[in-house]
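Me: I have a model open and would like to learn how to read it feature by feature. Could we go through it together?

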Amino acid sequence: MKKFKVLHVSSALSWRGGEQQIVNLIDGLTLINENIDQMIFCARESAIEKYSISYQINFESAKKKSAIDLFYLSALSRVIKSYQPDIIHVHDSHAHTACVLVHLFIFSKIPIVLHRRVDFSTGKSFFSNFKYNYSGIKRIITVSKAIKKIIEPNVKAPINVIYSSWRKSLIDESKVINLREELKLPNSTKLIGNIAALTDHKDYQTFVKTAALIIKKDLNIHFIITGDGELKEQIESLIRSLNLEKNIHLLGFREDVPEIMKNLDIFFMPSKMEGLGSILYLAFGFKIPVVSTNAGGIPELVKDKETGYTCGIGNSQELSQRLIMVLEEENSSVIESAYQLALSNLHVDMAQANHNIYLDLIRNNYEI
C-alpha cells in the first residue's frame, strides 16, 4: 500500500473530550499503519496546537476569529493545496463550516469525513442543511447510536457509529496524588466528583442540588468539580447560596485528570445532553463506580446495574439515592463489567475503524 495523507481539521481553542479523541486517533493510526502521514490544521494559540508542539505532531495553524474568518479560510486553503491530503477529517462544527467553504471554493475532490460528537440537532437553516449535505462529505462518523438517530433524518451521507476511545497508558503511567491531603480533608472522607467543562449541558446545577441532599445527611462526603467554563461564576453563586462551600470543591482546569479520577470514590455525571462521555472510560479503567443520567449516548456505556447506574435527567432525588447506595453497597461485578467494556474500546480499536473508512473512500478515488 502506498503512503497516504490525512489532514485533521480542528477549530477549538480549549481542550475538551473532542480534542483528546483527535490525539487518540492520530496516535492509534500511527501504531497501526506506518505508511500513513497525518497533519493537524488548528487555531493559533489553541490547546491542541500546544499539545502538537509538545508531542511533535505535524501541524499548521492560523488565527481564527470565527468559522468564516477570511484569513483562517485562506490559510486552510493553502494547507490543503500544499499538503495535498487524500482524506480531510473534520472534527467540529466550525471546522466543518470552514472546510465546506474552502472545499467548494477550490473545487476540491478530496473526500471529507465529518466527525459528530455532540447530540445536538443539525439545525434547520438553509446553510446548515447545505453544509451537512455538501457533496464533498463522503462519510459521517458519530460517537454513539444516539447521535446517529438524531442526525440521520437530515443527512444524505452514510453514517458510521464509532465509539470514542481511551488509552490504557493513562492508568499505567498515572502518578499518585493525595487529593484529600491537597484539600486538607481527613483520609476517611468520601469523594464524589465530575470532570467536565462548566457548560450548560453538563448540568452542574443538578450536580450541586444533588450534593446538597447528600451533604445534609453526611458531612464526611465531599464533592469535586474539575473543569472550567463560562458557567463558573453561576455555579459558584449557587454553591454559596446553599452554604456548601466547605463540601463542594471547584478545582478548575487540571492537567492531572487521571490522578484526580484515581482519588474518587464515585464518578458522577449528571449531564442533560451528552454525545457519549468518553471520560467514562477513564472511570471504568480505574474501577471507579459511575452514577450518571441517561442523557444522549451515556446509556450506551453506562448500562444500568451492569456497568454503572443511571437515573433520569435532572432528578436530584433519585441521583442522591443512587450515590448513597453505591457508597454503602459497592458492587464488584458492575465495576468489573465496566472495566471489561473499557478494554474493548481502546484507542487502537477506534483508529482501526477510522482507518477502514479512509481506505474505503480512497479506493473510490485513487489506486493505492
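Me: Let me begin with S165: is S165 buried or exposed?

Reply: Burial is read from relative accessible area: under 20% is buried, over 50% is exposed, and partly exposed lies in between, with a 1.4 Å probe and protein chains only. S165 has a relative accessible area of 2%, so S165 is buried. A word on the source: this is a predicted model, in which local features need pLDDT of at least 70 and side-chain atom pairs count only at pLDDT 80 or more, while totals for chains, interfaces and linings use all residues. Residues are numbered from 1 along each chain as its sequence is written, and side-chain values use heavy atoms, with hydrogens and water left out.

Me: Where does S165 lie, and which residues is S165 in contact with?

Reply: Helices (H or I, at least four residues) and strands (E, at least two) are DSSP runs, numbered from the N terminus. S165 sits in the loop that runs between β7 (159–161) and α7 (169–172). Contact means heavy atoms within 4.5 Å. Setting aside neighbours within four places in sequence, S165 is in contact with Q21, N24, S278, Y281, N345, L346, H347 and M350.

Me: Q21 and H347 make me curious about helix packing. At what angle do α1 and α15 pack?

Reply: Axes are lines fitted to C-alpha atoms, for helices over the stretch in contact, and angles run from 0 to 180 degrees between N-to-C directions. Here α1 and helix α15 (residues 347–363) pack at about 75°, and their axes are 8 Å apart. Angles under 35 degrees count as roughly parallel, over 145 as roughly antiparallel, 65 to 115 as roughly perpendicular and the rest as oblique. Therefore α1 is roughly perpendicular to α15.

Me: Which residues meet there?

Reply: From α1 come Q21, N24, L25, D27, G28, L29, L31 and I32, and they meet H347, V348, M350, A351, Q352, N354, H355 and Y358 of α15. For classes, Ala, Val, Leu, Ile, Met, Phe, Trp, Tyr, Cys and Pro count as nonpolar, Asp, Glu, Lys and Arg as charged, and the others, Gly among them, as polar. The contact of α1 with α15 has eight nonpolar, seven polar and one charged residues.

Me: And G17, where is that found?

Reply: G17 belongs to helix α1 (residues 17–32). With a relative accessible area of 35%, G17 is partly exposed. Its C-alpha atom is 9.9 Å from that of L276, although 259 residues separate the two along the chain.

Me: How do I read a nonpolar core, and which residues touch the most other members of the largest one?

Reply: A nonpolar core is a set of buried Ala, Val, Leu, Ile, Met, Phe, Trp, Tyr and Cys residues joined through side-chain atoms within 4.5 Å. The largest here has 65 residues, and M261 and F267 touch the most other members. Helix α3 (residues 70–83) gives the most to this core, with seven residues. Apart from it lies another core of 29 residues, including A196, V208, I214 and L238.

Me: L238 brings me to α10. Which residues in α10 are buried?

Reply: In helix α10 (residues 232–241), I235, L238 and I239 are buried. To see whether such residues share a face, one looks at an arc, that of the directions from the helix axis to the C-beta atoms. The buried residues of α10 fall within an arc of 100°, so they line one face of the helix. E233 and S241, on the other side of α10, are exposed. The cover over the buried residues includes α9 (204–215), β9 (221–226) and β10 (248–252).

Me: What phi does N243 take, just after α10?

Reply: N243 has a positive phi of about 55°. K184 is another case to look at: its phi is near 60°, a positive value in a residue other than glycine. K184 lies in the loop between α8 (179–182) and β8 (190–195), and at 73% relative accessibility K184 counts as exposed.

Me: Finally, which residues does A212 in α9 touch?

Reply: Not counting residues up to four places away in sequence, A212 touches L242 and L244. A212 counts as buried, at 11% relative accessibility.
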